[in-house]
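Here's a quick walk through the fold, starting with how the chain splits up and ending with some local detail. Have the structure open as you read.

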Amino acid sequence: MITAAVLKAVDDDLVVHHDIEIAAPGPGEAKVKIVASGVCHSDMSVQNGTMPLPTPIVLGHEGAGIIEEVGEGVTTLKPGDHVVLSFIPSCGACYCCERGQSYLCEKSAMIAAGGMLDGTTRLSLAGEPLRQMTMCGTFGNYAIVPEISLVKIDDDIDLRLAALIGCGVLTGVGAALNTASIRPGDSVAVVGCGGVGLNVIQGAKIAGATRIIAIDMFESKLKMAEQFGATDLIQAGEGDPVGAVMALTEGRGADVSFEVIGLGPTIEQAINMTRTGGEAILVGVPRMDVMLNLNAAFTFLYLSKTVKGCWYGSSNVREDVPKLIGLYREGKLMLEELISKEIGVDGVNQAFLDMQGGEVARSLITHTH
Ligand SMILES: [Zn+2]
Ligand SMILES: [Zn+2]
C-alpha cells in the first residue's frame, strides 16, 4: 500500500489516500521511492481543467527518488540508484530523439492518457484503476515509472533539490539556455515570475544577459525575481508593461522576451515588447481555447520577430540534468532558494492556494515512507 494525493474530478480538492495498491514494475519499468516533489503550476492546471487529463489520477510530475525495484529488461538502472523523474520520456531512438529533440520524444504521446507506455495503469484504489500524471505521479510516496522517464544522478545531490530540476528548473533555465539564443550583454524581459519564471531569470543571467526586466502583478514575486538576478522590476497592473519595457531599452524593446503565464493578453504583450529582429519565447501553458491577435505583417515580416514555443525548456534530459547539477555545484544555479515552504503531502491543497496568492516560488513535498 502506498500513500498519495488523488484528484477524483476536475475542480475537486486533492484527497490523500493511504490504501492505494501498487503493482510490480512491468518490463522496462522501475518502482521508485519518491523522496520529494515540487508543487508546480501545471499540477494545479490539471486540477482546474486547464490541462485536461483523465481522472482519478495521482498528480505531481516534478520529483526525485530512489530506485527500489526494476522490471524485466531494465539495464540502465538498479535498486539504490538516485533518479530525477522526467515528465517527458526520452527513448533515445525515435525520430525526434535522434535529432536532438528528446523533449518531443514520440513515446510522450502516451503521457496524457495517465497510464504507462502501453496505456495500462499500475496503481489502483478500491479496485479501480488509478492513473499517474505524465507517468510520474510524484504526489505519491512510490511510483512505477518507465525506465526512459528516469535520469540517474549522483548519490551526493540532495534529492529535495534534485526534485525541483524535474520540471521548473529544466523548463525555466532551459528556456533561456536552450530555446532562446541570448547573447552576452542582451536585454531580457520575463513576464510572470512564479517558480518557472524565476528559473528563466537565473538562466538568462547564466547566459550573460545584463539587463533582466521582471514583470509580475505581485510585489512578493518581484522581490524573489530580484534575488534570482532581475535588474529591473515592473509591477503589472500599474500602467502598460510594454511601454515600461520600451522605456528601459531606449525605445527598442527587449532582445529576448519570455512569457511564463500562458494568457492570451500577456503572450501578446511579450511579443510586442520584443525588439525588431528579437525573439519572444512562449513558456506558459495556455488553456486549449486561447488564440492570439497579432499583426501578421508587422510582427513577423517588417519587424522580423521570431516567436518560439518552449516545451520542457527544449531539454534533452540526459544531458541537461547533469549539466544543471554541474551549474549548481559551481554555485551558478540557485536551488535551495526556490523552496519557499516544505510540507507533507497533506498540505498540497494549501500549496495550490499559496501559489495563486503569489506567496511561494515552490512548495516542496517530502514524503514519509
Ligand atoms: Zn524518443
Ligand atoms: Zn511542472
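In this predicted model, the chain falls into two domains: domain 1 takes in 2-168 + 314-366, and domain 2 covers 181-309. Their C-alpha centres sit 28 Å apart.

Where do the two meet? On one side 17 residues of domain 1 are in contact, and on the other 15 residues of domain 2. Helix α1 (residues 41-47) supplies the largest share of domain 1's side, with three residues. Sorted by class, that side of domain 1 has seven nonpolar, six polar and four charged residues.

Now for helix α7 (residues 264-272). Which of its residues are buried? They are I267, Q269, A270, I271 and N272. These buried residues have plenty to pack against: the strands β11 (187-191), β14 (254-259), β15 (274-282) and β16 (306-309), plus the helices α6 (241-248) and α8 (296-302).

Strand β8 (residues 128-132) is worth a look too, and here are its pairings:

| Partner of β8 | Sense | Bridges |
|---|---|---|
| β4 (residues 57-58) | parallel | two bridges |
| β7 (residues 123-125) | antiparallel | three bridges |

To find your way around on screen, try I57, whose bridge partner in β8 is R131. From β7, S124 stands opposite P129 in β8. What links β7 and β8? They form a hairpin with two residues between them, and A126 in the turn has a positive phi of about 50°.

Technical notes:
Residues are numbered from 1 along each chain as its sequence is written. Chains are lettered from A and ligands numbered from 1 in the order in which they are written. This is a predicted model: local features need pLDDT of at least 70, side-chain atom pairs count only at pLDDT 80 or more; totals for chains, interfaces and linings use all residues. Domain bounds come from an automatic or database domain assignment. Two residues are in contact if their C-beta atoms, placed from the backbone, lie within 7 Å. Helices (H or I, at least four residues) and strands (E, at least two) are DSSP runs, numbered from the N terminus. Ala, Val, Leu, Ile, Met, Phe, Trp, Tyr, Cys and Pro count as nonpolar, Asp, Glu, Lys and Arg as charged, and the others, Gly among them, as polar. A residue is buried if 20 or more other C-beta atoms lie within 10 Å of its own, exposed if 12 or fewer, and partly exposed in between; C-beta atoms are placed from the backbone. Two strands pair if DSSP finds at least two bridges between them.
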